[in-house]
Amino acid sequence: MNEEKKNYMWQVNHDTGRAIAELRQHQELTIEEAAQRADYEPTTLAAVEAGKLPHNVHNLARIVEALRGRLAIVPEESKDDPHCQFIEFE
């Protein structure tokens with residue numbers, strides 16, 4: 001994998017993890033409580049939130065559903081559109 005792709009993937013994992021952490025914190029859940037809801041180990045969820053664990057859409061959907069959020073995939077050209085968000089709070 002070239003350096004540009006590594007940097008891109010790091011950014012995706014980092015941004016997604018941060019959004020999941022914000023969703024969890026918005027609901028005032030601990031890592032342990034959120035992990036239990038999503039049927040994950042707390043260390044695994046912490047690694048996802050820290051952007052240190054690669055993930056796929058299935059796993060992200062499972063986590064977001066457990067946190068009662070919504071997962072959206074939007075075109076890259078929409079990334080600066082304030083109406084598009086990866087995770088929306090309920």
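Which residues does L67 touch, not counting residues up to four places away in sequence? I would like to start there, and before I answer, please keep in mind that what we are looking at is a predicted model. In this model L67 touches I20, L23, R24, Q27, L29 and A34, once residues up to four places away in sequence are set aside.

That leads to the interior. The largest nonpolar core has 14 residues, and L67 is among the members that touch the most other members, together with I20, A34, A38, Y40, L45 and I63. If you look at where the core residues come from, at least two are supplied by each of α1 (3–26), α2 (31–38), α3 and α4, and the largest share, 4 residues, comes from α4. Two of these well-connected members, I20 and A34, also appear in the list of residues that L67 touches.

Let me turn now to the charged side chains, where a search of the whole structure finds 3 salt bridges. I will begin with the pair E49 and R24, whose closest N and O atoms are 2.7 Å apart. Because E49 sits in helix α3 while R24 sits in helix α1, this salt bridge ties together parts that are 25 residues apart in sequence. Both residues of the pair are buried, and R24, as you may recall, is also one of the residues touched by L67.

The other salt bridges involve R18, and here the picture is a local one along helix α1. On one side, D15 forms a salt bridge with R18, with 3.7 Å between the closest N and O atoms, and these two residues are 3 apart in helix α1, about one turn of the helix. On the other side, E22 forms a salt bridge with R18 as well, the closest N and O atoms being 3.9 Å apart; since E22 and R18 are 4 residues apart in helix α1, about one helical turn separates them. Both of these distances should be read against the 4 Å limit that is used to call a salt bridge. Through the shared partner, D15, R18 and E22 are joined into one network.

How buried or exposed are the members of that network? D15 has a relative accessibility of 30% and so counts as partly exposed, R18 is partly exposed with a relative accessible area of 43%, and E22, at 39%, is partly exposed too. The pair E49 and R24, by contrast, is buried.

Next, a loop residue, N56, which is placed between α3 (42–49) and α4 (57–66). With a relative accessibility of 39%, N56 counts as partly exposed. Its side chain makes two contacts that I would point out on the screen: the side chain of N56 reaches the backbone nitrogen of H58 at 3.1 Å, and it also reaches the backbone nitrogen of N59 at 2.8 Å. As for a residue elsewhere in the chain, the C-alpha atoms of N56 and N13 are separated by 9.9 Å, although the two are 43 residues apart along the chain.

Finally, the surface. M1, Y8 and M9 form a nonpolar patch there, and together they have about 350 Å² of accessible area. Of these, Y8 is found in helix α1, and with a relative accessible area of 48% Y8 is partly exposed.

Notes. Residues are numbered from 1 along each chain as its sequence is written. This is a predicted model: local features need pLDDT of at least 70, side-chain atom pairs count only at pLDDT 80 or more; totals for chains, interfaces and linings use all residues. Side-chain values use heavy atoms; hydrogens and water are left out. Buried means under 20% relative accessible area, exposed over 50%, partly exposed in between (1.4 Å probe, protein chains only). A polar contact is a pair of N or O atoms within 3.5 Å; within protein, one must be able to donate a hydrogen and the other to accept it, and residues adjacent in sequence count only if both atoms are side-chain atoms. A nonpolar core is a set of buried Ala, Val, Leu, Ile, Met, Phe, Trp, Tyr and Cys residues joined through side-chain atoms within 4.5 Å. Contact means heavy atoms within 4.5 Å. Patches are made of residues with over 30% relative accessible area and no salt bridge: like charges are joined within 9 Å, nonpolar side chains (Val, Leu, Ile, Met, Phe, Trp, Tyr) within 5 Å. Accessible areas come from the Shrake-Rupley method with a 1.4 Å probe; for residues, only the protein chains shown count as cover.
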